[in-house]
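This report describes one structure for a reader who has not met it before. Please look through the sequence and the model before reading on.

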Amino acid sequence: MDFETCDAAAAAKAFGLEELDARPSLMIWTTTPWTLPANLAIAVGPTYRYSLVRMDGSETIVASDLLAKVKAAVGAEKVEVLAETDGAKLVGLTYRHPFCEREGRVIGGEHVTLEDGTGLVHTAPGHGDEDWRVGRREGLAAYCPVRDDGTYDDTVPEWLRGMNIWDANPMVIRHLTESGHLVHHMQFNHSYPHDWRSKTPVIFRATEQWFIGVDRTMKNGQTLRGLAKDAVEHKVRFVPEWGRNRMRGMIESRPDWCLSRQRAWGLPIPAFKLPDGSAFMTPASVRAVAEVIRQKGSDAWFTESPATLLAGYDPAKDPQAPKGLQVASLEKLFDIFDVWFEAGSSWNSVLRARGQGIPAELYLEGSDQHRGWFQLSLLPALGATGAPPFKSLVTHGFVVDRDGRKMSKSLGNALEVEDLLKDFGAEVCRWWVSGLAFENDIRMDLEYLKAAGEAYRKLRNTLRFLLGNIGDLPAGDIVAEAVDTPPESLDGWAMGEFARVQGFVRDAYTRHAFREAHLALFDFCNDTLSSVYCAAAKDRLYCDRADGTRRRATQRAMNAVAEGLIRMLAPVLPHTADEAWRALKGADAKSVVFEQHVPITFAGAAGWPAVFAARESAMKALEEAKSQGIENSLDAGLVIPDADGTLKPFAAELADLMGVSRVTLDPAAKLVSVTDLREEPRCERSRKRDGTVRERQDGGLLSDRDAEAVGQ
RNA sequence: GCGCCAGUAGCUCAGCUGGCUAGAGCACGCCCCUGAUAAGGGCGAGGUCGAAGGUUCGAGUCCUUUCUGGCGCACCA
């Protein structure tokens with residue numbers, strides 16, 4: 001497309017030529033011919049080089065670097081470069097619009113690129129964000145001759161008036177061809193924005209909208225952007241911490257907030273139109289309308305008259321009312337609020353209005369909401385109260401499939417939450433969720449739910465073992481803290497571990513580090529309890545006298561551990577915890593979710609790490625002994641080195657802890673050795689070969705302990 | 001195109017301000033138990049730390065580039 005320069009002399013001068021016979025033209029290209037009626041300027045890159053060329057007989061201006069491309073594209077045969085100059089020298093030239101009665105200006109623009117086209121960019125401030133911004137800087141009007149219905153208004157040449165813009169495309173091309181301004185015309189495939197639902201192309205029009213200006217100085221002398229940056233930097237806790245960084249970048253670069261939408265439904269912006277066409281909305285008028293909407297619902301805006309809507313409004317008492325305001329002369333405007341303004345006001349309409357207090361402790365959402373709910377709650381709150389509406393922001397990533405791809409119905413890799421709940425149960429799903437590294441993308445597959453189900457059953461079984469073995473503990477024997485437990489006993493070790501885990505889990509919960517809590521709880525159940533404590537305690541639970549001191553001590557400890565463990569599980573597995581809680585406390589006990597943790601202080605003996613180091617060696621030695629035929633560890637005894645006597649205080653517990661029949665501590669030994677006890681008699685009750693087994697009165701083979709327990 | 005994030009055993013993840021032969025759980029293999037039993041226990045194998053450069057006596061850990069994936073934003077005159 002050619003735009004003729006108005007002043008040939010000025011154009012010639014820009015290129016350092018003395019004179020030029022013809023008026024050179026400015027060559028632009030566009031994929032939207034219908035926007036040409038709104039052309040007000042042509043942008044050039046000030047730092048680029050531009051050539052004045054004679055192309056097939058007419059003089060025109062093109063970016064030097066694009067000359068070859070242009071020549072090829074338009075199929076020009078003869079191209080002669082007359083002169084060359086910097087883009088900056090072209091700025092300020094004027095040109096005649098090819099079919100509108102006006103002049104345009106050449107302006108400089110940093111957005112001009114040399115990737116496509118001619119290096120001269122058609123600029124219509126009424127039809128695009130970037131053009132609008134450049135135009136604003138250059139003092140150009142936001143001229144948009146296209147009306148709401150997609151047709152031209154009366155400011156365009158007669159042959160376009162009232163025409164639909166899509167119909168106008170061929171008309172414009174024909175007109176330019178006939179007037180000799182069209183250099184070339186071709187099919188060009190490129191991506192163009194479409195409405196996501198109707199799949200129809202959208203167009204850009206500059207229209208009047210309501211904005212929240214983020215850089216305006218407010219009454220307190222601050223700008224919203226400034227307040228927001230400060231809040232992000234100093235006043236909000238981010239989990240994970242990188243959310244701060246991300247939000248900072250967004251706050252720094254965000255444009256003004258466009259609050260208004262033109263849609264058929266939504267919450268109306270309570271603005272009216274004055275007879276002179278300007279808008280009317282003051283704090284007092286908004287409050288008056290709000291009262292009507294509170295009583296009648298937001299539809300009132302559409303069903304009631306301005307007089308009714310403003311029944312509670314007295315212009316005389318509103319210092320901000322326009323002079324001589326007549327309520328009867330007002331017309332309603334029908335823009336609605338951006339839905340984010342509603343979502344972003346929930347701290348006010350939910351928390352403050354109901355007296356629940358602001359700021360909220362926590363806002364929790366996906367990482368996309370740094371720009372959404374998080375930011376758009378922060379801005380209104382800062383504007384209205386000067387303070388953020390939340391203390392902490394917790395962000396999670398998005399669920400993706402097992403290969404890390406996002407889930408979508410069209411790809412067929414999406415999972416339905418309803419199905420998962422049905423197939424695996426809500427508690428298993430909760431357990432899975434609690435263990436996620438939620439800060440990142442969350443891979444999701446049925447396999448992972450299956451694994452969560454296995455882990456859940458482990459917890460459940462561990463609880464069941466504890467509860468099943470304390471049933472006969474007399475109520476008077478129950479001491480929640482079990483503080484009288486000897487630190488060197490098996491129970492003392494378990495209590496010490498429990499106290500440690502409890503402290504860790506409580507801290508993890510308060511840090512929103514649910515995964516850490518989840519892992520600690522699982523390890524405690526799987527390792528500390530199931531693999532070690534429960535296994536070692538079986539002998540005394542099953543074979544000691546029912547009311548024996550040692551057995552009762554273990555039951556008291558197990559009771560304390562079970563109670564504390566259930567409390568810790570309650571936030572993640574409420575129903576499982578409740579079920580266990582009722583088994584522990586009675587069927588009519590109040591739900592455990594209303595309980596708090598009861599921090600216990602208990603330290604196991606200092607020598608326990610040494611005991612467990614010995615245990616590890618013992619396990620390996622026993623494994624090796626299998627090749628010699630000692631496959632059942634109760635067929636074995638152990639001799640364990642204890643040069644400095646560290647293990648001595650634990651001597652009574654070592655056999656049960658290591659699953660063997662007896663343990664001897666030897667100050668002189670260097671390595672753990674396994675003793676073959678298969679030749680010794682085995683107690684028929686405890687299956688131990690502890691050296692005291694002999695035939696009793698009733699003919700049974702029993703150890704001393706077992707004989708005593710059954711009264712033999 | 002820009003911003004933020006991630007890429008460590010088959011899987012899910014730890015590895016702080018750089019420093020012993022890179023860890024855990026699950027899954028897997030072998031074995032034990034059969035009074036937690038549609039349970040329980042033991043041992044074991046398994047990793048070029050996405051790739052390529054660079055800094056350093058020394059890098060999974062710092063820098064650069066690059067690839068893959070996620071979220072957001074922008075552009076396509």
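Which atom of RNA strand B lies 2.7 Å from a polar side-chain atom of Tyr542? In this predicted model, that partner is a phosphate oxygen. Two further side chains also place an N or O atom by a phosphate oxygen of the strand: Lys458 and Asn526. The table lists the three distances.

| Side chain | Partner in RNA strand B | Distance |
|---|---|---|
| Lys458 | phosphate oxygen | 2.8 Å |
| Asn526 | phosphate oxygen | 3.4 Å |
| Tyr542 | phosphate oxygen | 2.7 Å |

Several elements give two or more residues to the surface near RNA strand B: strand S9 (120–123), helix H7 (242–253), helix H16 (446–468), helix H18 (514–543) and helix H21 (608–625). With 8 residues, H18 supplies the largest share of that surface.

**The surroundings of the RNA**

In total, 48 residues surround RNA strand B, and those that come nearest are Thr30, Val121, Arg457, Arg515 and Tyr542. Of the RNA atoms that come within 4 Å of the protein, 79% belong to sugar and phosphate. Sorted by class, the surface near the strand holds 19 charged, 16 polar and 13 nonpolar residues.

**Cysteines**

How many disulfides does the model have? The count is 0. A disulfide requires two cysteine sulfur atoms within 2.5 Å. For Cys525, the closest cysteine sulfur is that of Cys534, and because the two are 8.9 Å apart, they are too far from each other for a bond. The reverse also holds: the sulfur closest to that of Cys534 belongs to Cys525, at 8.9 Å. Both side chains lie in buried residues, Cys525 with a relative accessibility of 0% and Cys534 with a relative accessible area of 5%.

**Helix H13 and the loop after it**

Helix H13 covers residues 373–385, which makes 13 residues. From its first C-alpha to its last it reaches 17 Å, close to the 18 Å expected at 1.5 Å a residue. Its buried residues are Phe374, Gln375, Leu376, Ser377, Leu378, Leu379, Pro380, Ala381 and Leu382. Just after the helix, Gly386 has a positive phi of about 85°.

The loop between H13 and strand S19 (390–396) contains Pro389. Is Pro389 buried or exposed? Pro389 counts as buried because its relative accessible area, 1%, is under 20%. Leaving aside residues up to four places away in sequence, Pro389 touches Trp347, Pro359, Ala360, Tyr363, Ser377, Leu378 and Ala381. Of these, Ser377, Leu378 and Ala381 are among the buried residues of H13. Pro389 is also 9.8 Å from Gly357, C-alpha to C-alpha, although 32 residues separate the two in sequence.

**Helix H20**

Helix H20 runs over residues 574–585 and has 12 residues. Its end C-alpha atoms are 16 Å apart, which agrees with the 16 Å span expected at 1.5 Å a residue. Pro574, Thr576, Ala577, Asp578, Ala580, Trp581 and Leu584 are buried in this helix. An α-helix has 3.6 residues a turn, so residues three or four places apart point the same way. Among the elements that cover the buried residues of H20 are helix H15 (426–434), H16 and helix H19 (549–569). H16 also gives residues to the surface near RNA strand B. Just after H20, Gly586 takes a positive phi of about 110°.

Conventions:
Residues are numbered from 1 along each chain as its sequence is written. Chains are lettered from A and ligands numbered from 1 in the order in which they are written. This is a predicted model: local features need pLDDT of at least 70, side-chain atom pairs count only at pLDDT 80 or more; totals for chains, interfaces and linings use all residues. Side-chain values use heavy atoms; hydrogens and water are left out. A residue is near a molecule or strand if one of its heavy atoms lies within 4 Å of it. A polar contact is a pair of N or O atoms within 3.5 Å; within protein, one must be able to donate a hydrogen and the other to accept it, and residues adjacent in sequence count only if both atoms are side-chain atoms. Helices (H or I, at least four residues) and strands (E, at least two) are DSSP runs, numbered from the N terminus. Ala, Val, Leu, Ile, Met, Phe, Trp, Tyr, Cys and Pro count as nonpolar, Asp, Glu, Lys and Arg as charged, and the others, Gly among them, as polar. The expected span of a helix is 1.5 Å times one less than its number of residues. Buried means under 20% relative accessible area, exposed over 50%, partly exposed in between (1.4 Å probe, protein chains only). Contact means heavy atoms within 4.5 Å.
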